[in-house]
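Here are some exercises to work through with the structure open beside you. Try each task yourself before reading its solution.

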Amino acid sequence: MTLVDVMLPYYGDVELMKLAARSVMSQHFEDWRLCVFDDGYPSSEPADFFAGIDDPRVVYRKNEKNLGANGNYRKALENAEAPIVVIMGADDIMLPNYLDIVVRAFESHPEAAIVQPGVQVIDESGISASPLVDRVKKAYTPRTRTPLALSGEQMATSLIRANWTYFPSLAWKTSTIQRIGFTQGLDVVQDLAMLLDVAADGGAMVVDPELGFLYRRHSASDSSVRALDGRRFDEERQFFNGQAERFRSLGWNKAARAAGIHVVSRLNAGTLVVKAIASGKTAAVPRLFKHVIG
């Protein structure tokens, strides 16, 4: 059986998708399968590109109907068969050592359900970038020079303070992520919800500082749009309050306090107030303020 499935839900820029696929095919570690799930992109170019690749490890599938981002991610996850799975972004890039890092981490830490390698953020043009959101992530990322395993309340508290992970760069134990799955009704905090489910389930995450992945940050991403008009924070506030109750029931008082305060989420809303006013989206200001104070 193949050791790693790289699942690539796709709809969007064709050239960036090609770069993502080529980065998988350029891995030093060779025991992988790449499955591309084309969510009905209105062009034959993706199919033509993969038709020209003579590698049985590369599988291209086009959905009969558009499933939407969440539906396509769920389909990709359901089709994972290898012990380890990566649900990669269609515009991100694996460095050639990425799979070496994650396979080594799982072998060294059999208790691990997740591996987070080192990540560099790039912009739309592929240039290294460090916007405010990623500077905050870096500030909250556990500082370590060697692989570090987190679990239980320690893992939950660290992540609930600020989600410093990058979902497309995460490698998962397939049996764990398929059992937990994507929570229905969540858009913005979907990845954080899965991570906290793993922590509550007794799983562990290994943080390996070795750089292995390039995450592409787009200024016009869905989460950016939702944040500016306030929708993101409506979802976040409800989510954090629910997690605070959950952690209290587990006796994780430190994690419960961090969830109840959700200080980074509130600060994020505060920084967007001026931006909302400047962009003419004044209707969003009350929603943003509600999150800042509530």
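Keep in mind that this is a predicted model.

**Exercise 1. Follow strand β6 and its neighbours.**

Task: Find out which strand residues stand opposite I114, one in β8 and one in β9.

Solution:
- Step 1. Start with β8, where W172 stands opposite I114.
- Step 2. Look at the pairing itself: β6 and β8, which covers residues 171–173, run antiparallel and share two bridges.
- Step 3. Now turn to β9, where I114 faces M205.
- Step 4. Here the sense is parallel, with nine bridges between β6 and β9 (residues 204–216).
- Step 5. Check how covered β6 is: the strand spans residues 112–122, and nine of its 11 residues are buried.

**Exercise 2. Read the two sides of β4.**

Task: Work out which residues of β4 point one way and which the other.

Solution:
- Step 1. Recall that side chains in a regular strand alternate between the two faces of the sheet.
- Step 2. Apply that to residues 84–87: I84 and V86 go to one side, while V85 and I87 go to the other.
- Step 3. Ask about burial, and you find that all four are buried.
- Step 4. Add the partners. β1 (residues 4–10) runs parallel to β4 and is joined to it by four bridges, with D5 standing opposite V85.
- Step 5. β8 also joins β4, this time antiparallel and over three bridges; K173 in β8 is the bridge partner of I84.

**Exercise 3. Describe the second largest pocket.**

Task: Which element supplies the largest share of the lining of the second largest pocket?

Solution:
- Step 1. Get the basics down: the second largest pocket holds about 540 Å³ of space, and 21 residues line it.
- Step 2. Pick out the residues nearest its centre, which are G118, V119, K138, T141 and Y166.
- Step 3. List the elements that give at least two lining residues each: β6, α5 (132–140) and β9.
- Step 4. The answer is β6, which provides six residues of the lining.
- Step 5. Sort the lining by character, and you get nine nonpolar, six polar and six charged residues.

**Exercise 4. Classify aromatic pairs.**

Task: Is the pair of F50 and Y60 stacked or edge-to-face?

Solution:
- Step 1. Know what to look for: a pair of aromatic rings is described by the distance of the centres and the angle of the planes.
- Step 2. The whole structure has 11 aromatic pairs. In the pair of F50 and Y60, the ring centres are 5.3 Å apart and the planes meet at 15°, so the rings are stacked.
- Step 3. Place the partners: F50 belongs to helix α2 (residues 45–51) and Y60 to strand β3 (residues 58–62), so the pair ties together parts 10 residues apart in sequence.
- Step 4. Check exposure. F50 has a relative accessible area of 7% and is buried, whereas Y60, at 22%, is partly exposed.
- Step 5. Compare F167 and W172: their centres are 5.9 Å apart and their planes at 55°, so this pair is tilted.
- Step 6. F167 is buried at 10% relative accessible area, and W172 is buried at 1%.
- Step 7. Widen the view, and ring pairs link F167 and W172 with Y73 and F182 into a cluster.

**Exercise 5. Spot charges over rings.**

Task: Over which rings do R57 and K137 sit?

Solution:
- Step 1. The charged end of R57 is over the ring of W32, 3.8 Å from the ring centre.
- Step 2. K137 lies over the face of Y166, at 4.6 Å from the centre of that ring.

**Exercise 6. Look at an unusual backbone angle.**

Task: What is the sign of phi in H262?

Solution:
- Step 1. Begin with the general rule: most residues other than glycine have a negative phi.
- Step 2. H262 has a positive phi, near 30°.
- Step 3. Locate the residue: H262 is in the loop between α11 (253–261) and α12 (263–278).
- Step 4. Finish with exposure, where H262 counts as buried at 1% relative accessibility.

Conventions: Residues numbered from 1 in each chain as written. Predicted model: local features only at pLDDT ≥ 70, side-chain atom pairs only at ≥ 80, totals over all residues. Heavy atoms only, no water. Buried < 20%, exposed > 50% of the residue type's maximum accessible area, 1.4 Å probe, protein only. Pairing = 2+ DSSP bridges. 1 Å grid on protein atoms, 1.4 Å probe; cavity = no way out; pocket = protein on both sides within 12 Å on 5 of 7 lines; lining within 4 Å. Points joined across faces, edges and corners; volume = space filled by probe spheres on them. Nonpolar A, V, L, I, M, F, W, Y, C, P; charged D, E, K, R; others polar. Phe/Tyr/Trp six-rings, centres within 6.5 Å; stacked < 30°, edge-to-face > 60°. Lys NZ or Arg CZ within 6 Å of the ring centre and 35° of its normal.
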